[in-house]
Amino acid sequence: MTGNAIEVRRLAKTYAASGKSPAKEALKGIDLDIPRGSVFGLLGPNGAGKSTLINILAGLVVKSAGQVSIWGFDQDRNPRQSRAAIGVMPQELNLDPFFTPRAALEVQAGLYGVPARERKSDEILRLVGLEDKAGAYARTLSGGMRRRLLLAKALVHHPHILVLDEPTAGVDIELRQMLWENVRKLNDEGMTIILTTHYLEEAEEMCDEIAIINHGTLVARDSTANLLGQLDKKTMIVTPESPAETLPDAPGLVVESRPDGALAISYHLNETPAEAVLEAVRNAGIRIRDVRTVEADLEDVFLNLTRSR
Ligand code: ADP
Ligand code: MG
């Protein structure tokens, strides 16, 4: 047994051509280890291959080549055990409209061979805040409630690994908080969590480690702290009290004057602390009415990473 929840080797997926769409190489030979007990973030822009990777792990998409091992079980040699070790909350809202949440959980538990006495449907419904809706038809549930139900379904067989595919895309704040609280709770209890997102802040907030995937290739894999540490480019937006006559000037600053009178000052945090930027602004005789900073975004991460290789 290794310390990894997931081990993926030279994993490739090409979707066959169909109708007018040509064949698509969605994963181009990925190697990835995900440690047990971590909250692991899989980041990348739309179309990068995140869902493909996750759906292969879940056994929902058939890989074209490579090896996948889940909780120490080879997916090809031990399909049943590897499937039992993982629960997936999919990106798509695919629910049977005629099932109630409780029935949906019972059916799912049956599919995974969970004996009746080991089922915890009510407990899981409570965990995701759906206890009031246990007997309502799925078609009467709001979008947020359906997502809660998808999370509940992923948990029925008490998996070692929980995978959440873009869990917060388009959800309201309350649901987001519920998700993160549950993720933390489950992780504290020992569950390994893998989540995909294209929000860097979200990964920063939640994940111990991050892999970045783009065009079906792994472009980075590191601890969140290390990865974000590489991204020290910041932009300070300064709104002056009155139009600036002189622009701030100091080594390492790039200043752009915006049409609305604000100054966009880019700097590298490693070289220039925020105080030095503010000092340069004051030295230029500018009185600051408002100031905010803009973090590097995922786009910058990709640019950084692809430039440095
Ligand atoms: P992500 O989740 O990162 O947005 P996906 O894994 O969904 O990316 O998609 C990766 C690529 O594979 C995209 O170009 C997408 O259009 C394509 N793709 C995904 N699913 C299918 C499918 N079932 N058939 C054909 N192409 C697909
Ligand atoms: Mg996706």
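**Exercise 1. Strand β9**

How many of the residues of β9 are buried? Then place β9 among its partners in the sheet.

*Solution.*
Step 1. This is a predicted model. In it, 5 of the 6 residues of β9 are buried, so the strand is mostly covered. Buried here means under 20% relative accessible area.

Step 2. Find the sheet. It is open and has 6 strands, in the order β6-β7-β8-β3-β9-β10. The pairing is mixed. β6 (86-89) and β10 (217-223) are the edge strands, each paired on one side only. From one strand to the next, the twist averages 15°.

Step 3. Look at β9's pairing with β3. Strand β3 covers residues 39-43, and strand β9 covers residues 209-214. They pair in the parallel sense over 4 bridges. Two bridge partners can be checked by eye: L43 with I212, and F40 with E209.

Step 4. Turn to β10. It runs antiparallel to β9, and 6 bridges join the two. One bridge sets A211 against R221 in β10. The hairpin of β9 and β10 has 2 residues between the strands. There, H215 takes a positive phi near 50°.

**Exercise 2. Helices on the sheet**

Which strands does α1 touch, and which does α6 lie across?

*Solution.*
Step 1. Take helix α1, residues 50-57. It packs on the sheet and touches β3, β6, β7 (161-165), β8 (192-197) and β9. Its direction makes about 135° with that of β3.

Step 2. Take α6. This helix lies across β3, β6, β7 and β8. It runs at about 150° to β8.

**Exercise 3. The pair α5 and α6**

Are α5 and α6 roughly parallel or roughly antiparallel to each other? Describe their contact.

*Solution.*
Step 1. Two packed helices are described by the angle between their axes and the distance between the axes. Get both values. Helix α5 spans residues 143-155 and helix α6 spans residues 173-188. Their axes come within 10 Å and cross at roughly 15°.

Step 2. Apply the cut-off. Angles under 35 degrees count as roughly parallel. The two helices, α5 and α6, are therefore roughly parallel to each other.

Step 3. Add the hand. The crossing of α5 and α6 is right-handed.

Step 4. List the contact residues. From α5 come G144, R147, R148, L151 and L155. They meet E174, L175, M178, L179, N182 and L186 in α6. The set divides into 6 nonpolar, 2 polar and 3 charged residues.

**Exercise 4. Residue F98**

Is F98 buried or exposed? Say where it lies and what it contacts.

*Solution.*
Step 1. Locate it. F98 lies in the loop between β6 and α3 (101-111).

Step 2. Compare with the cut-off. Exposed means over 50% relative accessible area. F98 has 59% relative accessibility, so it counts as exposed.

Step 3. Find its contacts. Set aside the neighbours within four places in sequence. F98 is then in contact with Y137 and R139.

Step 4. Check a separation. F98 and S142 are 44 residues apart in sequence. From C-alpha to C-alpha, they are 14 Å apart in space.

**Exercise 5. The whole protein**

How many helices and strands does the protein have, and what percentage of its residues count as buried?

*Solution.*
Step 1. Count the elements: 10 helices and 14 strands.

Step 2. Take the burial. Of the 309 residues, 47% count as buried.

Step 3. Take the extent. Along the principal axes, the C-alpha atoms fill a box of roughly 75 × 45 × 45 Å.

Step 4. Take the contacts between residues at least 6 apart in sequence. Among these, 69% join residues at least 24 apart.

Note on methods: Residues numbered from 1 in each chain as written. Chains lettered and ligands numbered in written order. Predicted model: local features only at pLDDT ≥ 70, side-chain atom pairs only at ≥ 80, totals over all residues. Heavy atoms only, no water. Axes fitted to C-alpha atoms, helices over the stretch in contact; angles between N-to-C directions. Parallel < 35°, antiparallel > 145°, perpendicular 65-115°, else oblique. Left-handed = near helix turned anticlockwise from the far one by under 90°. Contact = heavy atoms within 4.5 Å. Nonpolar A, V, L, I, M, F, W, Y, C, P; charged D, E, K, R; others polar. Pairing = 2+ DSSP bridges. Buried < 20%, exposed > 50% of the residue type's maximum accessible area, 1.4 Å probe, protein only.
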